[in-house]
Amino acid sequence: MAGADDVAAIHGARLEGKRLRYLLEPLRGVTGSGADEAVAALKELQDLLGEWHDAQAAQQALAAALTEAAADRARWRGRGGGDADYRPGLLALERLAAARGAAQWSRLEEGYLGARATPLLDLAYAVVAALEARGAEAAAGAGAATERRLLLTALPVEVAGGEVEEVEQGWLPGERPRESVGLVRSALGEQHFRARTGGRGPAAVEPLARGDFEALWPLTEGRRVARRSHRSPAEPAWRFDEYLDRRLVLAVAEADAPPPPWLEPLVVREVTGERGYADDALARRPPRRGSPEGAAGPG
């Protein structure tokens, strides 16, 4: 969205939001879908965009009325009529419409534009993730029951000097068991792997030959994540995942691991068990850059 003058883009965003809301409406009341929150948030945005559109339409109508009033006044005076002038009243109405439009735009900027759209996007993607999970059993199979995850505003300085590895992982088509392939770059070199998740507990990971990886990797198009994982010498039980394809930082550990005290200032909130923050769910979200997700709110 270019700005307040890009009426077509804003109107298009309103229509897309309406279509998404209508898609999610049938899921309202379905336990675990998260659709109620997403629909309510989309309706709020739709109403705000509608109010802004009405203000823009009023300004356009008043601008046309001012032109017509000026022409009428000139014709009236040319025929020897009086000096009636509707323009002051129309100008006052135009200023009111402009002020109303500016107020609505300010609300849009503060609540939805740029990184501030993250909370709304999270609600929509959470519904998608819940549908993909197909119930609590599949969600537990994603590892949510065995891992604790914290959303951070930034990477902690305590990771300096620790172990670092880069991971690219992509999920293959299909639902159960969920399978992914990937590669890990570390001080040990480059290694390829295949992971299978189907039921409770962590994924089963096995080495994968480079040729097999290269054959399977194209099948993961549109379902990938890339992250740089750090281990802190000060707290080796925790892993800090810095995502390279989006501004997102998560702290990950075993479910019963307490976070170190020095991590507290960076914690936005705990996202353990939230399907939207599982790697296979993140892989379905289009990569985004910009302000850190944690800094904008939930991610």
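R227 is a good place to start: with 9% relative accessibility, R227 counts as buried. This arginine is found in strand β6, which covers residues 224-232. Keep in mind that everything here comes from a predicted model. From β6 we move out to the neighbouring strands, then to β1, an aromatic pair and a cavity.

**Two arginines around β6**

- The side chain of R227 doesn't sit there without a partner: a polar contact links it to the side chain of D279, at 3.1 Å.
- R223 turns up in the loop between α6 (210-216) and β6.
- Is R223 buried or exposed? Its relative accessibility is 15%, and the cut-off for buried is under 20%, so R223 counts as buried.
- The side chain of R223 reaches a backbone atom, namely the oxygen of L219, at 2.4 Å.

**The strands that pair with β6**

- Strand β2 (residues 164-171) runs antiparallel to β6, and seven bridges join the two.
- One place to look is E168, whose bridge partner in β6 is A226.
- β6 also pairs with β7, again in the antiparallel sense, over six bridges.
- Here you can pick out S229, which stands opposite D241 in β7.
- How many residues does the hairpin use to join β6 to β7? The hairpin makes the connection through two residues.

**Strand β1 and its partners**

- Strand β1 takes in residues 147-152, and five of its six residues are buried, so the rest of the structure largely encloses β1.
- On the β8 side, six bridges join β1 to β8, and the two strands run antiparallel.
- To find your way along that pairing, look for E147, which stands opposite E254 in β8.
- β1 is joined to β9 as well, by three bridges and with the strands running antiparallel.
- In that pairing, L152 stands opposite V267 in β9.

**Aromatic pairs**

- The count of aromatic pairs comes to two.
- One of them is F240 with W262: the ring centres are 6.0 Å apart and the planes meet at 40°, so this pair is tilted.
- What does the pair tie together? F240 lies in strand β7 (residues 235-243), while W262 lies in the loop between β8 (249-254) and β9 (267-270), so the pair ties together parts that are 22 residues apart in sequence.
- The two partners have their own surroundings: F240 has 0% relative accessibility and counts as buried, whereas W262, at 24%, counts as partly exposed.

**A cavity between helix residues**

- Rolling a probe the size of a water molecule over the atoms shows where empty space is left.
- Searching the whole structure turns up one cavity of 30 Å³ or more.
- The largest cavity holds about 30 Å³ of space.
- Which residues line the largest cavity? The lining is made of A13, R14, G17, K18, L42, L45, Q46 and L49.
- Two elements give two or more residues each to that lining: α1 (7-24) and α2 (35-78).
- By type, the lining residues divide into four nonpolar, two polar and two charged.

Technical notes:
Residues numbered from 1 in each chain as written. Predicted model: local features only at pLDDT ≥ 70, side-chain atom pairs only at ≥ 80, totals over all residues. Heavy atoms only, no water. Phe/Tyr/Trp six-rings, centres within 6.5 Å; stacked < 30°, edge-to-face > 60°. Helix = DSSP H or I, 4+ residues; strand = E, 2+ residues; numbered from the N terminus. Buried < 20%, exposed > 50% of the residue type's maximum accessible area, 1.4 Å probe, protein only. 1 Å grid on protein atoms, 1.4 Å probe; cavity = no way out; pocket = protein on both sides within 12 Å on 5 of 7 lines; lining within 4 Å. Points joined across faces, edges and corners; volume = space filled by probe spheres on them. Nonpolar A, V, L, I, M, F, W, Y, C, P; charged D, E, K, R; others polar. Pairing = 2+ DSSP bridges. Polar contact = N/O pair within 3.5 Å; in protein donor to acceptor, adjacent residues only side chain to side chain.
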